[in-house]
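Student: I would like a close look at a single part of this model. Please take me through the enclosed spaces.

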Amino acid sequence: MPKKAKNQVWKVKYKSMDKDALKVAFHENREYAISKDKYSATMNDNYWATALAVRDRVVERWIQTQQSYHKQNVKRVYYLSMEFLIGRLLGNYMYNLGLEKELGAALQELGFDAEELREQELDAGLGNGGLGRLAACFLDSIATLGLPAHGYGIRFEYGIFNQKIKDGYQVELPDEWLQNGSPWEFARPEYAVKIQFYGRSESYTDKNGQLNFRWVDTHDVLAVPYDFPIPGYKNDIVNTLRLWAGRSTEEFDFDYFRHGDYERAVQQKILSENISKVLYPSDDISKGKELRLQQEYFFSAASIADIIRRFKSENSDLRELPQKATIQLNDTHPSIAIVELMRILLDDYSFDWDEAWNVTAKTFAYTNHTLMPEALECWPVDLFERILPRHLQIIYEINARFLSDIAGRYPGNTDLLRRVSIVEEGYPKKIRMAFLSIVGSFSVNGVSKLHTELLKTKMLKDFNDLYPEKFNNKTNGITPRRWLLKANPALSGLITQAIGKTWVTDLDQLKKLLPLAQDNPFRARWQKIKQQNKNELAEYIKSKTNIIIDPESIFDIQIKRIHEYKRQLMFAFFMISQYLKAKNDPKSFIQPRTFMVGGKAAPSYSMAKLSIKLINCIADIVNRDKAVQDKMKVVFLENYRVSLAERIFPASDLSEQISTAGTEASGTGNMKFMLNGALTIGTLDGANIEIAELVGEENIFIFGKNAQEIDQLRRQGYRPEDFINRSTKLKEVLELISKNYFSAYHPGLFNPVLDSVYNADPFFICADFDSYCAAQDAVSNLYLDREEWFKKSIINVSHSYAFSSDRTIREYNNEIWKVKSLKA
């Protein structure tokens, strides 16, 4: 083999991407990798043969990308997230490699339908909602922009549960997304990391007379990495998502087995593997809390060990870590990574405190994702001390030094010290993980303008006063490759015909659609595509539920995690009010609607689960009432997930973004609806505010009280009954529920809903309901004028450029990470 000259780079020759090569690859994979022929192969086998053909073409680019990172010793971003809601990957890889047409043609000639094969893939539900989906969008944008980066999370054996609706109730079933294996993951046992738990911290004096600490008598678990390639869009760059699985350090105890104790022989293996068994164990019991903390430390510690290993492969002095790595914490779940890096620098590398803290505080950046107090994690000190005794010592020291600094700057202000202390005094004493993240990071960002402003002025005001230079905003975004190019091929095709194809990686190009809103032929084609998408969703719903819906009706949709602050209850109340209108005054019901709700409630969240039951009871009554058949239908979309979302967004007319003002950090569902041409009805909350600023108040339906007005109501003593008494519509709705109209066989079933609304109404449904109904009347009136509706639809899409995750990631990189793009 000829020698390569110094600095010469071999020209990479990749596998062919044409139709014939893909057909050959399919046959070879089915025969040699799966050991099947056309007679014995199942549809899942044929999916695997297809996936492996695509995977080969991803892998060769993956290897080349990683080699480039190592050879150039680049600075990298490490994105730590408890959740990665990546969904199905075959279609995503096809589009990002530019294979969709050639592979589609190859499969057609082989006698397969590409969509049918893609349906064989199970969603990787490694997330609960927006947080995990955002992380997946970010990885796509990071790779598309050519930024050297790695994602780190947990390879949950069971992701977010599969939701079944039985007798109107949510029933949770295991999400066995790995039951047929995954063609996309690569086990890397050679990089397994030993993770310690429990034990004790002991002090000792080293040979230089220095006092040191070591963590001893621990229970250990192996973290085994599984890698998923993350390809950028048509740029030959492939980054890595590394997910950690728990394994026992001792697979089998032969002594127990030999003495006939077969259960204890494998007990250690079972306990160790529990750590990555299920996403979000129930934390309303002590064992669930314990496992949750273990999970967070498990993947954070494994990731820190891996980051240090990567750093040391090309560098030697860990004092230079901030020049080669930025670790982005996606919410508070991985914040223990700050303490873990300190532990390693102090205990394993003998750094003094100031050296270790200087490295740590320059390496971490923190994203806050919530305005809900319960989501700002706090861990009981006694639990922390038992599971992570050495880390608690370090947290105490971090807090002591931090408070000493603040006391020096603000002498005598003991109340400030109490408010900002990482350790919350009281019973039980707790560790405030968000505060730890702020103190230990050089950047703290919110995820929408309102969210960041509320963090700075209310929730984290003290910290903003102390460290104003740390706080910044990075409004969330979504990847247009998944949510328009792939999910809505007809609309994306029309857009490409009109303005060219560069919008796929430069969403600012969508601005060119704005004048086309006045173009009659273009608008007619736009409307036709929307109608086709609605027809397809109607057929899908019929096939899954036997409910026949009118594709000409307004598709009025709320799909998101079920939570009181997102106010699915208010949407349900509006459905009831519309039902009463259709029954009592049918001539005033001017526009047929199909109401759709999708989302999962946390298994232990009783009020959220009762909301699901109420919506399904409303659906049972409405859908069986022949008097309103031509006016309205109600559908609960079971088991909402990424692949189902890809069907729903393209068919949507109206996007329900109705959370109480001041509660939603950003939201990304609102952006996906907007990108697919839906109009928004919503409050001035989260990213709704930025949508309204962009499109103008005439192109969005804003209602309800703003965050300041909600806060004022709360402070002056909110009385929901005052609003109920003033609202004829709301009073009628609540009376109908109280008369058990929707629970004839279970009297009193919805009393908890009524009690909450009448006595507390914590999310101000009563205060906003009449305003919401008025906005909904405006929706119905506008939809009668389809030309005007679709003008506004095009205007909304043309302004959705601002919500590309590519834009968000550019801002992260320019202002926080500062890594060099290797975009080809």
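Tutor: Here is a walk through the cavities, beginning with the largest.

This is a predicted model, where local features need pLDDT of at least 70, side-chain atom pairs count only at pLDDT 80 or more, and totals for chains, interfaces and linings use all residues. Residues are numbered from 1 along each chain as its sequence is written, and side-chain values use heavy atoms, with hydrogens and water left out.

A search of the whole structure finds 9 cavities of 30 Å³ or more. A cavity is a set of points, on a 1 Å grid over the protein atoms alone, where a 1.4 Å probe fits but cannot get out; lining residues have an atom within 4 Å of a point. Points are joined across faces, edges and corners, and volume is the space filled by probe spheres set on them.

The largest cavity holds about 150 Å³. It is lined by 17 residues, and Y47, E121, L122, W177 and G181 are the closest to its centre. Two elements, α2 (43-72) and β2 (84-87), give two or more residues to this lining. Helices (H or I, at least four residues) and strands (E, at least two) are DSSP runs, numbered from the N terminus. The largest share, 3 residues, comes from α2.

The second largest cavity holds about 130 Å³. Its lining has 14 residues, with L89, N92, A136, D140 and I230 the closest to its centre. Here α3 (90-97), α6 (130-144) and β11 (219-231) each give two or more residues. The largest share, 4 residues, belongs to α6.

Definitions and conventions. On a 1 Å grid over the protein atoms alone, a cavity is a set of points where a 1.4 Å probe fits but cannot get out, and a pocket is an open set with protein on both sides within 12 Å along at least five of seven lines; lining residues have an atom within 4 Å of a point.
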